[in-house]
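User: I should like to understand the reasons behind the terms used for this structure. Please set each value against its cut-off.

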Amino acid sequence: MKIVFATNNQHKLEEIRKAIGNKHEIVSLKEIGFEKDIPETHDTLEGNASEKSAHIYNQYKLNCFADDTGLEIDILNGEPGVYSARYAGENPSFEDNMNKVLEKMKAETNRSARFRTVISLIINGNETQFEGICPGTIMTEKYGESGFGYDPIFMPNGYQETFAELSLEVKNKISHRGLATDKLIDFLNKI
Ligand code: IMP
């Protein structure tokens, strides 16, 4: 089956193509001629993921999926959550976002958090959602160089290193996105 992945992130495209093998053809937004940004106007990951997949499905009538991810910190009532990409303002750097979290968490001892990914898949007009959760701890400073986003300040449960210190192979196996993607692939392989 041909399925559009509603993302402009080349890295995510490669990742899923590798994981899915040749049973399904994953097509990028560029390949279908969609060059704009997809609106994300909701205040939940579920709402944004649905909005993005529906936007593409309604315009092209092609089967598609979209994802949305957030870092949810318990003591900050789930912040930055759905606003993870723009926590420190418009177009912030990853450093700006991490610094804001570290500053807000300075005096906190409860440092539990989770990354959560929601994938919305639309096949023939019917939506199914898949969730992946990776629980962990917010560090008091940054550790490690690899990865992106909040990786240097997030240590997944069961590990002694942050996402930015772990290998990409390990991260993909236990990560929110990896787990949600596994569920998506399982579902697609049963069609
Ligand atoms: P998106 O929905 O995948 O674009 O993710 C939204 C934001 O969450 C990103 O801009 C990052 O700041 C953060 N984020 C998503 N996934 C990860 C991850 O695996 N590690 C660290 N930060 C992430």
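User: What is the handedness of the crossing in which H1 passes H5?

Analyst: In this predicted model, H1 passes H5 in a right-handed crossing. The contact involves Lys12, Glu15, Ile16, Ala19 and Ile20 on H1, and Arg177, Thr181, Leu184, Ile185 and Leu188 on H5. These residues divide into 6 nonpolar, 1 polar and 3 charged.

User: Why are H1 and H5 called oblique to each other?

Analyst: The axes of H1 (residues 10-20) and H5 (residues 176-190) cross at roughly 45° and come within 11 Å. Angles under 35 degrees count as roughly parallel, and 65 to 115 as roughly perpendicular. The angle fits neither class, and the helices are therefore oblique.

User: What makes the pair of Phe115 and Phe154 edge-to-face?

Analyst: The planes of the two rings stand at 65°, and planes over 60 degrees apart count as edge-to-face. The ring centres are 4.7 Å apart, which satisfies the pairing limit of 6.5 Å. Phe115 belongs to strand S5 and Phe154 to strand S7, so the pair ties together parts 39 residues apart in sequence. Phe115, Phe154 and Phe163 form one aromatic cluster.

User: How do you know whether Phe115 is buried or exposed?

Analyst: Buried means under 20% relative accessible area. Phe115 has 6%, so Phe115 is buried. Phe154, at 0%, also counts as buried.

User: Why is Phe187 called partly exposed?

Analyst: The relative accessible area of Phe187 is 32%. This value lies between the 20% limit for buried and the 50% limit for exposed, so Phe187 is partly exposed.

Terms used: Residues are numbered from 1 along each chain as its sequence is written. This is a predicted model: local features need pLDDT of at least 70, side-chain atom pairs count only at pLDDT 80 or more; totals for chains, interfaces and linings use all residues. Side-chain values use heavy atoms; hydrogens and water are left out. Axes are lines fitted to C-alpha atoms, for helices over the stretch in contact, and angles run from 0 to 180 degrees between N-to-C directions. Helices (H or I, at least four residues) and strands (E, at least two) are DSSP runs, numbered from the N terminus. Angles under 35 degrees count as roughly parallel, over 145 as roughly antiparallel, 65 to 115 as roughly perpendicular and the rest as oblique. A crossing is left-handed if the near helix is turned anticlockwise from the far one by less than a right angle, and right-handed if clockwise. Contact means heavy atoms within 4.5 Å. Ala, Val, Leu, Ile, Met, Phe, Trp, Tyr, Cys and Pro count as nonpolar, Asp, Glu, Lys and Arg as charged, and the others, Gly among them, as polar. Rings of Phe, Tyr and Trp (its six-membered ring) pair if their centres lie within 6.5 Å; planes under 30 degrees apart count as stacked, over 60 as edge-to-face and the rest as tilted. Buried means under 20% relative accessible area, exposed over 50%, partly exposed in between (1.4 Å probe, protein chains only).
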